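Q: I want to learn how to read domains, overall form and an interface from a model. Can we go through them in turn?

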Amino acid sequence: MDQAVQPQAQAHVHAPPEGFISKYVFSLDHKVIGKQYYGLALVAVFMGMILSWLMRFHLVWPNTKVFGLELLSKNGAPGGVITPEYYLSLLTMHGTLMVFFVLTNAPFAGFGNFFLPIQIGAEDMAFPRFNMMSFWTTFVAFLVLVTAFVIPDGPPISGWTAYAPLSAIGKDAGPGLGWGQTLWAISIALFCIGQLLGSLNFIATTLDLRAKGMTLMRMPISTWAWFITSCIGLLAFAVLLPACLLLLLDRVAGTSFFIPSGLVVSDRLQNHSGGSPLLWQHLFWFFGHPEVYIAILPAVGIVSHVLTNGMRKPLLSAKVIIYSMMAIGFLSWMVWGHHMFLSGMNPFSSLLFSFPTLTITIPATIITLIWLGSLYGANIQINTATFFSLGFISMFVTGGVSGFFLAQPSIDIYLHATYFVVGHFHMVMGVAAIFAIFSGTYFWFPKMFGRMMNEKLGMVHFWITLIGAYCIFMPFHYLGIAGNVRRYASFVDDFMPGLMPLHKFITIAALITGAGQLVFLVNLIHSRFRGKLAPDNPWNGTSLEWSIPSPPPWNNFGADHPIVYHDPYQYGVKGAMGDFVMQTSPEKIENEAT
Amino acid sequence: MGKLLGVVLAIIALVSAYPIVTHKYAQPIDISTHGHAIDEQLGDTMAEAGLAFVLSQLLLGWFIFKFTNRGQGAKVFHLKGGAKMMVVASFIFVGTEVLALGVLGQKAWAEVYFTAPKSDALQVQAQAGQFAFYFRYPGPDGKFGPLHPDKIDEGNQNYFGLDPANDVEARDDVVAAELAIPVNREVHLLMHSKDVGHSFYVRELRIQQDFVPGLDLSLHFTATQTGHYEILCTQLCGLGHYNMKAYLNVLSQDDFDKWMKEKVSEQ
């Protein structure tokens with residue numbers, strides 16, 4: 001057997017890394033790249049959170065100085081007081097950092113890179129060099145984006161959706177819309193290239209590099225989620241990339257893809273004609289809505305994976321969850337127009353877009369009910385990873401039901417562009433996805449770094465985050481129902497004084513909850529160096545990542561190529577090691593469901 | 001700790017629902033003929049989605065309460081009916097909801113978008129630009145003068161780019177910074193943007209529509225109560241976005257006629 005395996009082991013996709021740079025910087029190892037993505041997301045999430053703090057602070061104490069802010073932007077915050085345009089810069093950068101560099105990077109590229117090859121029994125990604133390129137392109141995209149903070153013009157003010165022609169005209173349209181917006185477009189175009197390389201790699205790896213016995217249906221739900229997400233990503237980023245290039249051309253080469261004729265901006269008749277602002281909206285949302293699923297499907301996968309372990313029993317049906325994720329992935333292509341109900345698009349198409357949007361609730365409900373139904377009769381373990389998964393279900397439900405309002409054009413007439421929308425997408429795409437990232441972190445940290453995280457600190461972090469997130473984002477819905485408009489730097493409208501106490505409550509909750517995240521950061525850093533050494537399988541897990549050392553060696557499985565004998569979630573059965581049987585264990589299971 | 005999580009989730013659900021049930025934060029009064037259909041739809045959705053929210057959270061809380069930490073080796077078991085029951089339940093409950101809300105509930109949308117404005121509707125042109133709305137009435141001749149973007153000159157208050165020297169129809173056009181309309185008469189708003197994207201939102205009218213540069217869009221509505229209401233821009237349009245607003249001034253027919261007469265004499 002050794003001889004049979006030997007030639008394959010030697011034919012490893014790349015040699016063991018030597019030296020600091022090839023080991024930790026320009027590494028071909030999917031595990032290092034996964035950690036790099038995660039690290040980048042961590043930097044981005046703390047930046048994004050601080051930006052949201054500044055926004056919330058400005059909304060309720062508009063004239064209070066923020067100590068030291070004038071050092072970051074002399075024009076944006078003279079004397080430490082945020083100007084309306086700088087508020088919009090913060091808003092744009094917050095959205096862009098969070099959606100692209102956090103919600104896409106961490107659950108998909110971060111965990112996916114580290115665990116997808118291991119969960120299917122591969123030694124690495126199919127194209128390690130592409131993989132390295134994918135991260136470093138993303139890293140450059142990040143640098144280009146944050147450069148906007150330090151240029152004199154400041155960051156763009158057109159929001160993360162960069163609606164044309166505001167984003168296309170150039171500096172005539174306002175501060176930040178000169179170089180700031182150009183950097184944004186370059187950054188996002190680069191980001192798309194990184195994601196396309198990553199998605200291709202995920203797909204090829206999943207289809208070609210599975211270990212013996214690892215049939216498609218024996219892949220863990222998390223792997224399925226990454227696989228489906230990469231299929232979505234391949235199509236979605238392939239549309240956003242040309243959209244950003246066209247935007248760049250409009251900005252720097254004098255083309256008019258998104259700018260119609262006859263516009264008078266800053267008292268100047270613009271020298272453009274023939275373009276369509278709706279074209280940008282269609283291209284952007286054709287990417288933008290599937291992007292929501294790029295953020296949330298890996299989260300669904302991670303939570304299903306962690307929860308099954310934490311319940312000590314299989315889900316009612318993993319297959320139904322996988323099929324539902326496919327249905328969501330498929331339907332995600334037919335719903336983009338629900339962002340554009342009021343855009344002047346043909347009102348009949350609004351109804352057409354509304355129906356699949358409402359329909360997508362069915363597979364999402366199936367997934368939720370499977371989780372709920374599976375909890376019945378479980379033996380739920382008390383640990384931070386499981387608790388964050390349970391919290392995720394709660395958030396997923398909350399964010400899901402509010403989608404039901406916005407999916408209906410007739411209600412959207414009233415709620416569009418209000419805080420209700422902000423509440424909705426923060427709940428489901430922001431907080432829920434971040435709960436899944438936390439859940440995945442507490443669950444997989446021991447495997448990634450070979451040390452356990454501190455459970456006590458983890459629980460403190462969980463409670464602050466659960467209660468804090470509800471205190472912040474639930475009131476957004478109430479504000480929206482009252483007609484509070486979003487993206488306002490200051491609330492000058494006659495009806496706003498009555499709503500200000502609620503805004504103050506949200507800001508205080510945001511400051512506390514944000515500060516609570518330091519508990520997580522401290523736990524992460526402390527555990528990385530001082531945490532208890534982790535055993536190979538600290539959670540009594542069944543999938544392949546738990547069959548190798550923590551942290552895994554550079555070639556994952558060494559010379560022993562894994563052979564897979566079972567479905568991934570053999571919990572609640574009588575096995576040699578306890579109430580579970582690992583995928584790699586050749587022992588027979590009575591009445592094994594297939 | 002599991003029991004605590006179960007209880008906390010239940011409390012979160014009930015506390016979250018409280019302001020909704022007690023209408024602490026509600027829509028402002030409705031002054032439009034179509035608004036009741038939107039409010040009704042919002043109410044129905046709130047009832048269904050709200051119930052789904054509270055029930056799921058309570059169920060989640062209860063299961064967590066009951067099934068956490070049952071001790072090493074506790075026997076786990078499956079819900080009778082399994083995944084099949086969940087799939088069927090989803091299709092039945094959500095499917096009905098989708099059909100009910102998605103198909104039957106489009107009345108309000110249809111009222112706003114699928115009906116043509118009446119022939120005697122008052123035509124008003126609305127122009128959005130960074131960071132103000134302007135409104136134009138055709139004047140006594142009932143005709144709008146043509147627009148010339150190159151003639152726009154805000155310093156000289158030529159917001160629309162009119163050319164009264166050459167265009168006869170433009171000479172009597174009335175331009176105002178507020179939208180004055182008569183009560184109980186349909187208004188046909190002809191919308192265009194001068195520069196970037198904007199939006200027209202009047203909470204009390206239950207109406208919201210984007211201005212898209214390069215597109216001539218229109219909207220029609222009837223206000224049923226006199227009064228002063230805010231018109232807000234809801235499409236991010238630049239640094240002054242938060243401050244881009246105008247007033248909708250709903251007047252009795254007599255007051256409106258008086259207002260119009262004054263404006264015409266000012267031209």
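Q: What separates the centres of domain 1 of chain A and domain 2 of chain A?
A: Domain bounds come from an automatic or database domain assignment. In this predicted model, local features need pLDDT of at least 70, side-chain atom pairs count only at pLDDT 80 or more, and totals for chains, interfaces and linings use all residues. Residues are numbered from 1 along each chain as its sequence is written, while chains are lettered from A and ligands numbered from 1 in the order in which they are written. Chain A has domain 1 (24-163 + 171-249) and domain 2 (533-594). Their centres, over C-alpha atoms, are 34 Å apart.

Q: How many residues of domain 1 of chain A are in contact with domain 2 of chain A?
A: Contact means C-beta atoms, placed from the backbone, within 7 Å. Here 15 residues of domain 1 of chain A meet 15 residues of domain 2 of chain A. Helix H5 (residues 84-119) of chain A gives the largest share of the domain 1 side, four residues.

Q: Why does the radius of gyration of chain A agree with a compact globule?
A: The radius is taken over C-alpha atoms, and the globule rule is 2.2 Å times the number of residues to the power 0.38. For 594 residues that gives near 25 Å; chain A has 24 Å, so the two agree. Its C-alpha atoms fill a box of roughly 80 × 50 × 45 Å along the principal axes.

Q: How many residues does each chain give to the contact?
A: Chain B gives 88 residues and chain A gives 89 residues. On the chain B side, H2(B) supplies the largest share, 15 residues.

Notes. Contact = placed C-beta atoms within 7 Å. Helix = DSSP H or I, 4+ residues; strand = E, 2+ residues; numbered from the N terminus.
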